[in-house]
Amino acid sequence: MPISVIVGGQFGSEGKGKVALIFAKDRQAAFVIRCGGPNSGHMVYDDLGRCYIFRQLPTAALLPDCKLVISPGACIDPTVLLKEIDLVNLSPDRLYISPNALIIEDKHKILERPLKEAISSTGSGVGAVLASRAMREPMHLAKDYPQLKPYICHDLPRTLSLALKAQKRILIEGTQGFGLSPLHSGYYPKVTSRDT
């Protein structure tokens, strides 16, 4: 299958965003999938040397022919995402958001405040929203957020499956790095809130 996965072997900041953009461009990726949430930023430059930092969108947002995916396991801060959509003037025909992606609310950021000092957490709310999901608490999904409705793709698995059958390249842009994995790192609890 024509799938490439970019993961970090250290603690993040290995340049995954730059590598993902280069791979997407050189391998003419049809779709680039971003996992994770807004607690990590991927910095890239366009052909004119302008710097962009994407915390929600895949870095391939700079490639006009590439479609972008935010996966069902992703955590979305709508304010951050909508700013990035405006930044690159992204149209709904290029961005596919899973209806089941999680929405980070203010209450999740508040819950993480003690972690900022305790373990140098970003306090972005990712850990709290994942904990809420694990505890089966009522929560908002991407499909519930009115401003995201134009980008929701209700048949995302089928869309990606058809792309694979047509031998189109799919790239998965990971987040953070292996050393921050809550499952595999020896640095727990000073890790991220999800496996990387």
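How exposed is K25, by relative accessibility? K25 comes to 46% relative accessibility, so this residue counts as partly exposed. The legends below walk through a predicted model, one close-up at a time.

**View 1. K25 and D47 join in a salt bridge.**
Welcome to the first close-up, which shows K25 together with D47. The closest N and O atoms of this pair are 3.4 Å apart. The two partners come from distant parts of the chain, 22 residues apart, with K25 in helix α1 and D47 in the loop between β3 and β4. K25 is partly exposed, whereas D47 counts as exposed because its relative accessibility is 71%. Cut-offs help here: exposed means over 50% relative accessible area, and partly exposed lies between that and the 20% limit for buried residues.

**View 2. K16 and E14 form another salt bridge.**
Here the side chains of K16 and E14 meet, with 3.0 Å from N to O. Buried or exposed: which word fits K16? K16 counts as buried, as its relative accessibility is 5%. Its partner E14 has 28% relative accessibility and therefore counts as partly exposed. For the wider picture, the count for the structure comes to five salt bridges.

**View 3. R34 meets E173 in a buried pair.**
Now look for R34, which sits in strand β2, residues 31–34. The side chains of R34 and E173 form a salt bridge, at 4.0 Å from N to O. E173 belongs to strand β9 (residues 170–173) and R34 to strand β2, so this pair ties together parts that lie 139 residues apart in sequence. Both R34 and E173 are buried; for R34, the relative accessible area is 1%. The side chain of R34 has another partner to find in this view: the backbone oxygen of F54, reached at 3.4 Å.

**View 4. R34 also helps to line the largest cavity.**
Staying with R34, this close-up turns to an enclosed space. How many cavities of 30 Å³ or more does the structure hold? There is one cavity of that size. The largest cavity has a volume of about 40 Å³. Its lining is made by R34, C35, G36, G37, R55, Q56, I70 and A74.

**View 5. The largest pocket is lined by 33 residues.**
This view moves on to an open space, with a volume of about 620 Å³ for the largest pocket. Which of the lining residues are closest to the centre of the largest pocket? They are N39, T122, Q176, L180 and T192. Several elements each supply at least two residues of the lining: α1 (16–26), β3 (42–45), α4 (113–119) and α5 (126–134).

**View 6. I3, V5 and V7 make a nonpolar surface patch.**
The patch shown here has an area of about 250 Å². To find your way to it, start from V5, which lies in strand β1 (residues 3–6).

**View 7. R113 lies in helix α4.**
R113 has a relative accessible area of 56% and is therefore exposed. A useful landmark for this view is A128: R113 and A128 are 15 residues apart in sequence, and 10 Å separates them in space, C-alpha to C-alpha.

**View 8. N89 and R136 each have a positive phi.**
As background, most residues other than glycine have a negative phi. What is the phi of N89? For N89 the value is about 50°, a positive phi in a residue that is not a glycine. N89 is found in the loop between α2 (78–87) and β7 (95–97), and N89 is exposed because its relative accessible area is 69%. R136, which is not a glycine either, has a positive phi near 60°. R136 lies in the loop between α5 and α6 (156–165). With a relative accessible area of 69%, R136 counts as exposed.

**View 9. A cis peptide bond joins Y188 and P189.**
Most peptide bonds are trans. At the bond between Y188 and P189, which is cis, omega is about 15°. To place this last close-up along the chain, look for P189 in the segment after β9.

Technical notes. Residues are numbered from 1 along each chain as its sequence is written. This is a predicted model: local features need pLDDT of at least 70, side-chain atom pairs count only at pLDDT 80 or more; totals for chains, interfaces and linings use all residues. Side-chain values use heavy atoms; hydrogens and water are left out. Helices (H or I, at least four residues) and strands (E, at least two) are DSSP runs, numbered from the N terminus. Buried means under 20% relative accessible area, exposed over 50%, partly exposed in between (1.4 Å probe, protein chains only). A polar contact is a pair of N or O atoms within 3.5 Å; within protein, one must be able to donate a hydrogen and the other to accept it, and residues adjacent in sequence count only if both atoms are side-chain atoms. Patches are made of residues with over 30% relative accessible area and no salt bridge: like charges are joined within 9 Å, nonpolar side chains (Val, Leu, Ile, Met, Phe, Trp, Tyr) within 5 Å. Accessible areas come from the Shrake-Rupley method with a 1.4 Å probe; for residues, only the protein chains shown count as cover. On a 1 Å grid over the protein atoms alone, a cavity is a set of points where a 1.4 Å probe fits but cannot get out, and a pocket is an open set with protein on both sides within 12 Å along at least five of seven lines; lining residues have an atom within 4 Å of a point. Grid points are joined across faces, edges and corners, and a volume is the space filled by probe spheres set on the points.
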